[in-house]
Amino acid sequence: MSTQLFFADATPFVTPLLTVFSVDISTGPDSEPLPTLLTTSDTLSNSTRGILTSGEFKATLGETLLLHRPAGLKAERLLVVGLGKAKTLVPAELRTGAGTAVRFAKARAIRSLAIIFPEDRALSDEHLDTLDCSKTARALTEGALLADFDPEIYRTDRKDRSIESLTVLAPAQEKGSHDDIRTGFTEGEVLAAAQNFTRSLVLEPGNILTPTELGRRTAAMCAAHSIECAVHSTAKLKELGMGAFLGVAQGSAEPPALIVMRYEPAKPASDKVIALIGKGITFDTGGISIKPADGMDKMKYDMAGAGAMIGAMQAIASLKPAVRVISVICSAENMPSGTAYKPGDVLTAMSGKTIEIMNTDAEGRLVLADGLHYAKTLGATHMVDAATLTGACVVALGKVNSGLFSNDEDTCDVFLQASRGAGEHFWRLPCTDDYRELIKSAIADIQNTGVDRWGGAITAAMFLKEFVGDTPWVHLDIAGQAWIDENRTSIAKGPSGVAVRSIVEWVRALAV
Ligand code: BES
Ligand code: ZN
Ligand code: ZN
């Protein structure tokens with residue numbers, strides 16, 4: 001998709017589909033909706049007046065209304081997209097709105113569209129802060145590009161419905177804001193490209209995206225974005241003594257991959273080294289503690305944590321924050337076989353801690369144990385890991401919020417604030433030492449599952465914490481959010497790219 005930003009009036013703009021946003025400005029809970037266009041153009045208001053006052057269109061989020069040959073406009077069609085209540089409008093809804101317009105066009109094989117930059121005349125003052133021009137512009141390009149992502153890549157009869165051209169038409173006046181709009185527009189492109197790269201990795205089936213292939217694609221991305229990347233395998237894992245990671249990998253004919261990326265800013269603002277550690281299980285059968293057949297196919301997305309970190313590194317390479325960032329990806333396939341690790345085995349992690357295996361399906365925490373410890377040896381001062389770690393986290397929080405765990409209040413606060421700015425949902429769960437005894441083993445230092453099934457997301461986080469020590473750390477359990485089960489108006493079902501935006505915002509917040 002090619003994207004353009006023009007500071008121009010929409011009335012004379014020639015396009016197959018012109019999009020304008022609408023909000024509901026009614027206030028009381030029981031009052032009738034009052035849809036209003038977010039534009040100062042009288043031509044647009046006049047051409048939609050009849051339909052907007054008819055009561056047929058309520059401007060709910062993602063609602064659409066199409067007019068052909070709109071009066072006074074050069075556009076072939078005018079699409080009105082609802083954003084919900086004016087009073088509660090946030091950038092996330094603009095992302096949804098832009099995405100809705102793109103998916104509306106794709107479904108009708110319309111290849112080119114324009115979106116009118118929302119002008120907030122209809123909004124109350126309290127929104128002028130949250131909806132600043134830069135955030136608005138970013139939300140528009142990001143939403144549009146995320147919506148263009150098409151997961152049906154292996155259909156032989158696939159019809160390419162990708163959008164060729166997207167134009168954002170911003171107000172020509174208010175010259176002071178043009179630079180902010182341009183900055184937001186470009187940031188949206190960078191962040192969307194990063195999330196779509198993550199999604200493209202997570203989408204791939206296990207037979208295509210093996211750990212080795214994940215290494216290859218990551219190295220290619222790094223080469224294109226001028227960041228350092230090294231891809232190691234079994235020999236290096238042995239040399240480093242990564243007994244936990246090796247234990248998981250040993251059941252598969254596919255060799256593991258330890259991927260290490262490094263971003264070095266021109267002028268670092270501090271001595272911080274931020275480490276992004278990702279769970280990259282390219283397929284999780286459960287191993288000897290094998291999973292039920294139903295739904296096992298989805299376990300190709302068990303590398304979504306790794307995918308998020310790789311996407312985040314791509315965005316970081318483009319945005320160039322003034323802080324060092326490294327990323328450690330631990331990738332393996334979890335298989336049952338004659339060489340597989342077994343329940344009852346004892347593994348020795350790189351840190352020297354011994355782990356009794358109670359369940360080979362709790363493999364993510366094992367590869368991450370060595371990834372976290374390794375990141376510390378590389379000088380990490382702040383760490384974040386992302387993993388599709390536990391079904392228990394999905395039971396606890398459903399599919400809206402990802403689980404967040406941390407050993408440091410400040411780091412946690414900065415992350416949560418960054419994630420709110422990014423429009424993602426994380427909910428903190430505890431990992432205090434009260435839970436420590438749940439992972440005690442009878443014969444080794446710790447065991448890889450809790451003593452019983454309660455608090456499964458927490459016992460997994462407690463396990464990781466054993467390898468983190470005092471380094472400020474945030475753990476993200478994204479098992480319930482990495483995959484979208486049903487098509488939405490603004491985004492296709494399939495991989496979501498969750499956590500990329502929040503991680504990038506967090507890194508930028510620490511770049512001081
Ligand atoms: N990859 C799974 C977690 C998962 C479950 C991700 C559902 C996405 C959706 C992980 O490796 C796993 O199997 N965890 C076990 C842990 C248990 C054996 C302690 C689980 O959650 O059941
Ligand atoms: Zn598992
Ligand atoms: Zn897993």
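**Helix 2, two alanines and a helix pair**

Me: How many of the 17 residues in helix 2 are buried (under 20% relative accessible area, with exposed over 50%, partly exposed in between, 1.4 Å probe, protein chains only)?
Reply: Helix 2 is largely enclosed by the rest of the structure, because most of its residues are buried. This is a predicted model, so local features need pLDDT of at least 70 and side-chain atom pairs pLDDT 80 or more, while totals for chains, interfaces and linings use all residues. The buried count is 14.

Me: How far apart are the end C-alpha atoms of helix 2?
Reply: Helices (H or I, at least four residues) and strands (E, at least two) are DSSP runs, numbered from the N terminus. Residues count from 1 along each chain as written, chains are lettered from A and ligands numbered from 1 in written order, and side-chain values use heavy atoms, without hydrogens or water. Helix 2 covers residues 91-107, and at 1.5 Å a residue (times one less than the number of residues) the expected span agrees with the end-to-end distance: 24 Å.

Me: Which residue with a positive phi follows helix 2?
Reply: Look in the loop between helix 2 and strand 6 (112-116). The residue has a phi of about 55 degrees although it isn't a glycine, and its relative accessible area is 44%, so it is partly exposed. That's Ala109.

Me: What is the relative accessible area of Ala59?
Reply: Ala59 also isn't a glycine, yet its phi is positive, near 65 degrees. Ala59 sits in the loop between helix 1 (42-53) and strand 4 (64-68). Ala59 is buried, with a relative accessible area of 0%.
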